[in-house]
Amino acid sequence: MPSRNNDEVKTDMVAEATVETEACGAVRKVAVIGTGSWGTAAAGLVAANADDVMIWARSAEVAAAINRDHMNPRHLTDYRLPAGVHATSDPAECVADAYVFAVPSSYLRDVSRKFADVIPADAPVVVLTKGIEPDTHRLMADVVADEIGHPERMAALSGPNHAEEICRGMVSAAVVASASQQVAETFQRLFVSPSFRVYASTDLKGVEVCAAVKNVIAIACGVAVGLGAGDNTLAVLMTRGLAEIGRISAATGGDPMTCMGLAGMGDLIATCTSRHSRNRTFGEAFVAGESLEAYENRTHMVVEGARAAESTLQVASEYGVECPITRAVHAILYEGADVSSAIDSLLDRTPRKEFYGIDDVQRA
């Protein structure tokens, strides 16, 4: 068989990519809902693969500033958005081929409701928000689907993705999960770039459970660092935290193997160790005497792990899953427990089989 030169191979690759794009429908216009750090960085990412990106802001002033300066005045303030990104505070102006939701979990349902009459029934939707809704125990893609309908077109994207690094073009990666392979591949192409690798998955539930619970573990790591813990302690918290995530994922119908990937171990490492992590740094600030409210007011960021500590504990209790780290974080944040008592509650536990609770669920 004659050898083929590089130009021929590249031509075939471009042709294959074109066929795939046509099969799944080209995405020309994208609406990004939310102008926080991740929403801002996401708008920059998808702008490389779409003709027009409309980013929705709750504040008309923020939208006006983005349109005037091509910079977000509140988040990632030194990042210049691409020319194809525009902003609005009017949901009616956000008619698009695909949608990206990136608002805090506590606002997600209300914001989704604003777009129920705007989003076309066949438009794919990806959710970047991480969390579990209190009381309903709905995951974030479920919350959006409740309000806009057609859950079959929902996806979630997660991974070790600090916006501060992504907007600088530093190498990052994520997994996009959807029950629909076509939807997952649509967002895979929309987000991918030479510095942002995107992998596909069908385990939507597992990816979202990982995304929510790892924030709780990061608060525990921040508390440990604030108390002077060493690397060994952080490694213990992260690996035992990963086992905790695996038990919850398995109990709720997710694939425990997802925990080994970008949404699980990858995001856990970044969130538990990075100075960019609001959950980790909040844990440190909490030990130093700063309240949750004071921290969020000072940083203008939402500590998702603090909300997830409540909802995760509810879910774990519902399914009879042991979650000692989550329980300890909940105790110090909401039950008035002192930190030393919470630590003692972890150290007093008798060690068991390393992966207890995961293989049992799988066999059931």
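**Notes on a predicted model**

1. Leu 347 is exposed, at 64% relative accessible area. Keep in mind that this is a predicted model. The residue belongs to helix α15, which covers residues 339–347. Leu 347 also takes part in a nonpolar patch on the surface. Its partners there are Leu 227 and Ile 343. Together the three have about 290 Å² of accessible area.

2. Next, the sheet. It is open and has 8 strands. Read across, the order is β3-β2-β1-β4-β5-β6-β7-β8, and the pairing is mixed. The edges are β3 (85–88) and β8 (196–201), each of which pairs on one side only. From one strand to the next, the twist averages 25°.

3. Look at one pair of strands in that sheet. Strand β1 (residues 29–33) and strand β4 (residues 98–101) run parallel, joined by 4 bridges. Which residue of β4 is the bridge partner of Ala 31? The partner is Tyr 99.

4. A helix packs on the sheet: α2, residues 37–47. Helix α2 touches β1, β2 (52–56), β3, β6 (154–158) and β8. The direction of α2 makes about 170° with that of β2.

5. Strand β7 spans residues 172–177, and Ser 172 is found in it. Is Ser 172 buried or exposed? Ser 172 counts as buried, because its relative accessibility is 6% and the cut-off for buried is under 20%. Leaving aside residues up to four places away in sequence, Ser 172 touches Pro 160, Asn 161, Ile 166, Ser 195, Phe 196 and Arg 197.

6. Now the charged side chains. Those of opposite charge can pair when their charged atoms come close. How many salt bridges does the structure hold? There are 13. Three of them follow.

7. Take Arg 109 and Asp 146. They form a salt bridge, with the closest N and O atoms 3.1 Å apart. Arg 109 sits in helix α4 (residues 105–114) and Asp 146 in helix α5 (residues 140–148). The pair links distant parts of the chain, 37 residues apart. Arg 109 counts as buried at 17% relative accessibility. Asp 146 is partly exposed at 38%.

8. Arg 113 and Glu 147 meet in a salt bridge too, at 3.0 Å from N to O. Arg 113 lies in helix α4 and Glu 147 in helix α5, so the pair ties together parts that are 34 residues apart in sequence. Arg 113 is partly exposed, with 43% relative accessibility. Glu 147 is buried, with 19%. Buried means under 20%, so Glu 147 falls within that class.

9. The third example is Glu 296 with Arg 307. Their side chains meet at 2.4 Å, N to O. Glu 296 is in helix α12 (residues 292–299), and Arg 307 is in helix α13 (residues 304–319). The two residues are 11 places apart, and the pair links distant parts of the chain. Glu 296 is buried, with a relative accessible area of 15%. Arg 307 counts as partly exposed, at 25%.

10. Finally, which residues do shared salt-bridge partners join into one network? They are Arg 109, Asp 110, Arg 113, Glu 133, Arg 138, Asp 146 and Glu 147. The pairs of points 7 and 8 thus reappear here: Arg 109 with Asp 146, and Arg 113 with Glu 147.

Definitions and conventions. Residues are numbered from 1 along each chain as its sequence is written. This is a predicted model: local features need pLDDT of at least 70, side-chain atom pairs count only at pLDDT 80 or more; totals for chains, interfaces and linings use all residues. Side-chain values use heavy atoms; hydrogens and water are left out. Patches are made of residues with over 30% relative accessible area and no salt bridge: like charges are joined within 9 Å, nonpolar side chains (Val, Leu, Ile, Met, Phe, Trp, Tyr) within 5 Å. Accessible areas come from the Shrake-Rupley method with a 1.4 Å probe; for residues, only the protein chains shown count as cover. A salt bridge is a side-chain nitrogen of Lys or Arg within 4 Å of a carboxyl oxygen of Asp or Glu. Buried means under 20% relative accessible area, exposed over 50%, partly exposed in between (1.4 Å probe, protein chains only). Two strands pair if DSSP finds at least two bridges between them. Axes are lines fitted to C-alpha atoms, for helices over the stretch in contact, and angles run from 0 to 180 degrees between N-to-C directions. Contact means heavy atoms within 4.5 Å.
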